Amino acid sequence: MGQSCLRPLSFLPLRSSNSRPFSTASTEFSILCSQGYLKEAFNKFSFLIWDNPSHFSYLLQSCIQKKSVSLTKQLHSLILTSGCFKDKFVSNHLLNAYSKLGQLDTAVSLFDKLPKRNVMSFNILIGGYVHIGDLDSASKLFDEMGERNLASWNAMITGLTQFEFNEKALSLFSQMHGLGYLPDAFTLASVLRGCAGLKDVNKGRQVHGCVLKLGLENHLVVASSLAHMYMKSGRLSEGEIVIKSMPAPTVAAWNTLIAGKAQNGCFEGTLELYNLMKIAGFRPDKITFVSVISSCSELATIGQGQQIHSEVIKTGAISVVAVVSSLISMYSKCGCIDEAEKIFEEREEADIVLWSAMISAYGFHGRGKNAVGLFHRMEQEGLVPNDVTFLSLLYACSHSGMKDEGLEFFNCMVEKYNVEPQLVHYTCVVDLLGRAGRLQEAEALIRSMPVKPDAVMWKTLLSACKVHKNADMARSIAEEVLRIDPQDSASYVLLANVHASAKRWKYVSEVRKSMRDRGVKKEPGISWLELKNQVHHFIIGDKSHPQSEEVDVYLKELIAELKLEGYVPDTGSVLHDMDLEEKEHNLVHHSEKLAIAFALMNTPESFPIRIMKNLRICGDCHVAIKYISKIKKREIIVRDASRFHHFKDGCCSCGDYW
């Protein structure tokens, strides 16, 4: 802008020499300021400021838009020398400019020197504190206010919900309501966000009642926040009712509905809504794509995922980091690691999120060496890894039997990058040690680490006890898990498996009795696959699939063929004391074997088979699928609850680290 722009006000003419009407000049002045032409506005219409100092507000607002601290300081000097600082309207705009530009120390100093403060002065500074996350200072200033208005309450409530102090926000709303303040749409949207954060549907319904009393149920922001609250609280149907009752649903409203479905595990419903959204004439945006791509990841529906990928490219959303990261994850979770690599290499930005996503993809597929290589490449490019990067890296090492490398990376994380280990990082180290058979060392780490262990960590060690058939240690570790989560069915099953392997049928019976007494039910194993855009599910003992009888016959013949090649069913892992034939029948009808048999019957020869399973694949199925891949000359990719297993020519990429 230059010094010539801000001449001392005493040099300005006392009266306008401009013949144009004052209102017209004022309009032109405001337009120039809004477009960022401060110098031209000031030089051409400086007489306006002399006639009415409130015009400083346009200049200061333009400084905020241009993010110029230096111009703000020049105007500040002019305001002081002209004596306009005594004008509350002008001084508040100056305070607002410093606050919005991140110059909070200057704003505080200015606030302390204000000759006359009003509610607006306090609100501006409270907003500045909230903007930098200093809620303590904001609360202190709020408490010092002699007079408040609705904007004061909104600033505090919004700040508290923004930083997830949701209980405090709801308490403040209750206090505000008790003092007779009437909330507006802004207040209600913030409070509903707080209810959503707490997943407190009861308080949310109370706020819903307030919305109805005020007649704001059709306000787009309020209705979207209301739907979001119900969705986050697991009340999908109530959220849908709110969205569908909106007079003119927006893309944001559809996104709320779609994201709510995805967050509550209704992945098929998410994709259905996505199609309905497009039929209704709405164009998906980056937020929509993240939700639907994530749903394809969970369902492992590669066909639909590829279609959505095409739509992402058409809409130009392929440059958005969150969308690209979701695509990498989707292709990885659908078993297409090569496609994930291609997307990563074609990325437009060198963002740490994308590097971490690709490292995670390698780990999920048991490609530990690729993950480590990518990490070193990332370091060479000058990117600084974060806690997510190291979590992905430790996971990759754990599932590739790279114990020593994993421990080195854990130390590197702490010593070189000063990343404080979280519970999930320690869990990965326990897994590393457990898989290597160092069970006592893993337990010692759990008992000595600075964070409190959770059920997942103990269960990780319990799983290692099963692998290494340490029944005595398994019992003590199971007690630790069940002390934290007595309803965790997986822990009972793991413990029973350990005892069954050791033929300790008495202990197996005790475990099963304990499950019955506590009302714990074993989660059924479910396997599924996508074929011609249709998802087929298989569960042991379930005859609902239209081809279930043919699958049973085919599977029986297949197992006989496997036995001729040397396959021996691992009956030791069956949890019941029954005769050998019954045990074998039980093993044969595991859900992943049923799904693979169906795929072999319904897909062309040499066509890769991709199976998804909700639980960990058992040892017997792992061995059997190796034989199937060899005999049928098929690549078989199985995604279980832990990772991917790639079977080909009688071998598995995960080796002994599944």
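Is E238 buried, partly exposed or exposed? In this predicted model, E238 has a relative accessibility of 23% and therefore counts as partly exposed, since the buried class ends under 20%. The salt-bridge partner of E238 is R205, with the closest N and O atoms 2.7 Å apart. E238 belongs to helix α14 (residues 236-244) and R205 to helix α12 (residues 201-214), so the pair ties together parts that are 33 residues apart in sequence. R205, at 34% relative accessibility, is likewise assigned to the partly exposed class.

The salt bridge between E238 and R205 is one of 23 counted in the structure. Another joins R447 to E480, where the closest N and O atoms are 3.1 Å apart. R447 is located in helix α26 (residues 439-448) and E480 in helix α28 (residues 471-484), so this pair also ties together parts that are 33 residues apart in sequence. E480 has a relative accessibility of 15% and so counts as buried. A further salt bridge is formed by the side chains of D517 and K513, at an N to O distance of 2.9 Å. Both residues are found in helix α30 (residues 505-517), four residues apart, which is about one turn of the helix. D517 is exposed, with a relative accessible area of 56%, whereas K513 is partly exposed at 44% relative accessibility. Beyond individual pairs, E443, R447, E480 and R483 are joined into one network by salt bridges that share partners.

E530, in strand β1 (residues 526-531), presents a contrasting case. This residue is buried but has no salt bridge. In general, side chains of opposite charge can pair when their charged atoms come close. For E530, the nearest side chain of opposite charge is that of R610, 8.4 Å away, so the separation does not meet the 4 Å limit for a salt bridge. The side chain of E530 instead has backbone nitrogens as polar partners. One of its polar atoms lies 2.7 Å from the backbone nitrogen of I302, and the side chain also reaches the backbone nitrogen of G303 at 3.2 Å. With neighbours within four places in sequence left aside, the residues in contact with E530 are A300, T301, I302, G303, Q304 and V535.

Aromatic side chains were examined next. The whole structure contains 12 aromatic pairs. In one of them, F111 and F122, the ring centres are 5.1 Å apart and the planes stand at 85°, so the arrangement is edge-to-face. The pair links distant parts of the chain, with F111 in helix α6 (residues 104-113) and F122 in helix α7 (residues 119-132), 11 residues apart. F111 is buried at 3% relative accessibility, and F122 is buried with a relative accessible area of 13%. Elsewhere, F375, F390, F409 and Y417 make up one aromatic cluster.

Charged groups are also found over aromatic rings. The charged end of R148 sits over the ring of F142, at 3.9 Å from the ring centre. The charged end of R148 is also placed over the ring of W153, with a distance of 5.2 Å to that ring centre.

Notes. Residues are numbered from 1 along each chain as its sequence is written. This is a predicted model: local features need pLDDT of at least 70, side-chain atom pairs count only at pLDDT 80 or more; totals for chains, interfaces and linings use all residues. Side-chain values use heavy atoms; hydrogens and water are left out. Helices (H or I, at least four residues) and strands (E, at least two) are DSSP runs, numbered from the N terminus. Buried means under 20% relative accessible area, exposed over 50%, partly exposed in between (1.4 Å probe, protein chains only). Lys and Arg count as positive and Asp and Glu as negative; His and the chain ends are not counted. A polar contact is a pair of N or O atoms within 3.5 Å; within protein, one must be able to donate a hydrogen and the other to accept it, and residues adjacent in sequence count only if both atoms are side-chain atoms. Contact means heavy atoms within 4.5 Å. Rings of Phe, Tyr and Trp (its six-membered ring) pair if their centres lie within 6.5 Å; planes under 30 degrees apart count as stacked, over 60 as edge-to-face and the rest as tilted. A charge sits over a ring if NZ of Lys or CZ of Arg is within 6 Å of the ring centre and within 35 degrees of the ring normal.
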